Amino acid sequence: MHITICFPGPKPLGWLAGFQAALPNVEFSIWSQGETPMADYAVVWSPPQALIDEQVQLKALFNIGAGVDGILKLSLPPDLKVVRLDDAGMSVQMAEFVCHAVIRHFREFDQVEAAMQRGEWAFRKPLLRRDFPVGVMGLGVLGTRVAKALQSFEFPVLGWSRSAKTIDGVHCHHGDEGFKDFLAGTRVLVNLLPLTAETENILNRETLAQLMPGGYVINVARGAHLVDEDLLALLDSGHLAGAALDVFREEPLPKEHAFWAHPKLQLTPHTSARTLRDETIEQIASKIRALESGQAIAGVVDATRGY
Ligand code: NAP
Ligand code: GLV
């Protein structure tokens, strides 16, 4: 069996060694255009079209992230199995990140810290948790974990997904018919949708304007979900109180982008849930063993749905 690895940037020698240890007796290569033998599996992040065009014997393409938008934009053979990363240590990180952002906003810690830096010992009047319902868009692997974590801090939590869901303590909405009520009942909006034709630009002037006044947006999914200028307009009009943005249309965020200097924005460099090498290798190796012994695996992407 041959497995080829293709990530942008420097040669992933640590990954290669990890895979070799997890799957002894398998041949590995770091993919190089025109030089790599036919592989049975590829492990990728943002692969080029050339890999797909050359590697015509792949049984599956393993993505080392949860989001597969970077793969589905390629021209793929219709029967190629694309497999997304299924948690592998990401959901706990996402729960930490989102709870941190929600709590920082709700407890006004940015203002508390700013006052201390000015040498002011000043208390702020506690805000009411019931006035800060948090709405989670996308109730998949990450969104469900995030919704449950927020609920443990006793925030009112709403959720929105494509199909109907039941999560204890979460007021779940679904589909186009449930979107309006979900938005109207949400003050802090967390985006954990996959990027698909249906969800691109979903955070726009019309949808964000339906949030409760003083709304706050936490985008931890993809930059192309958000219409940047619409967010800026609603921040400047005062309808939105702020936003925590971890993902951007162009990454790294261009130096001249208006987001950098905006006082109502908290920015992080696509770091809310990182791919963890050991957990990822273990998950992919075990799925390859399962496929080789004829078993079904979780995390196979439905290309027509786009996630
Ligand atoms: P997932 O398990 O595939 O869950 C996706 C959820 O979105 C599902 O609940 C799905 O509904 C819902 N959904 C999809 N299309 C929808 C639509 N048109 N309308 C309403 N709901 C829709 O994905 P995940 O593992 O939770 O990851 C979510 C995304 O997070 C990834 O795609 C990726 O872009 C992003 N991400 C970001 C980072 C980071 O560091 N910033 C890290 C990891 C992932 P159903 O349940 O009904 O199918
Ligand atoms: C990261 O953004 C991922 O999709 O895993």
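Which polar backbone atom is 2.9 Å from an oxygen atom of ligand 1? In this predicted model, the atom belongs to Val141. A second backbone approach is made by Leu142, of which an N or O atom lies 2.9 Å from an oxygen atom of ligand 1. Ala273 likewise places a backbone N or O atom 3.2 Å from an oxygen atom of this ligand. On its own, ligand 1 has 940 Å² of accessible area, and the protein covers 93% of that area.

The elements that contribute two or more residues to the shell around ligand 1 are α4 (90-106), α6 (141-152) and β7. Helix α6 supplies the largest share, three residues. The shell comprises 31 residues, of which Arg84, Leu142, Ser163, Lys165 and Tyr307 come nearest to the ligand. Divided by class, this shell has 15 nonpolar, nine polar and seven charged residues.

Strand β7, which gives residues to the shell around ligand 1, also takes part in an open sheet of seven strands. The strand order is β8-β7-β6-β9-β10-β11-β12, with parallel pairing. The edges are occupied by β8 (170-174) and β12 (265-267); each has a single partner strand, so one side of each is left without a neighbour in the sheet. On average, and with direction ignored, neighbouring strands of this sheet are turned by 15° against each other.

Within the sheet, β6 (residues 134-137) and β7 (residues 157-161) run parallel and are joined by four bridges. In one of the pairings, Val136 has Gly159 of β7 as its bridge partner. Helix α9 (residues 228-237) packs on the sheet, where it touches β10 (215-219), β11 (240-245) and β12. The direction of α9 makes about 140° with that of β11.

Ligand 2 is surrounded by Trp45, Gly65, Ala66, Gly67, Met90, Arg222 and His270. By class, three residues of this shell are nonpolar, three are polar and one is charged. Both backbone and side-chain atoms approach the oxygen atoms of the ligand. A polar backbone atom of Ala66 is 2.7 Å from an oxygen atom of ligand 2, while a polar side-chain atom of Arg222 lies 2.8 Å from an oxygen atom of the ligand. In His270, an N or O atom of the side chain is 2.6 Å from an oxygen atom of ligand 2. The accessible area of ligand 2 on its own is 200 Å², of which the protein covers 86%.

How values were computed:
Residues numbered from 1 in each chain as written. Chains lettered and ligands numbered in written order. Predicted model: local features only at pLDDT ≥ 70, side-chain atom pairs only at ≥ 80, totals over all residues. Heavy atoms only, no water. Pairing = 2+ DSSP bridges. Axes fitted to C-alpha atoms, helices over the stretch in contact; angles between N-to-C directions. Contact = heavy atoms within 4.5 Å. Near = heavy atom within 4 Å. Polar contact = N/O pair within 3.5 Å; in protein donor to acceptor, adjacent residues only side chain to side chain. Areas by Shrake-Rupley, 256 points an atom, 1.4 Å probe, with all protein chains shown as cover. Nonpolar A, V, L, I, M, F, W, Y, C, P; charged D, E, K, R; others polar.
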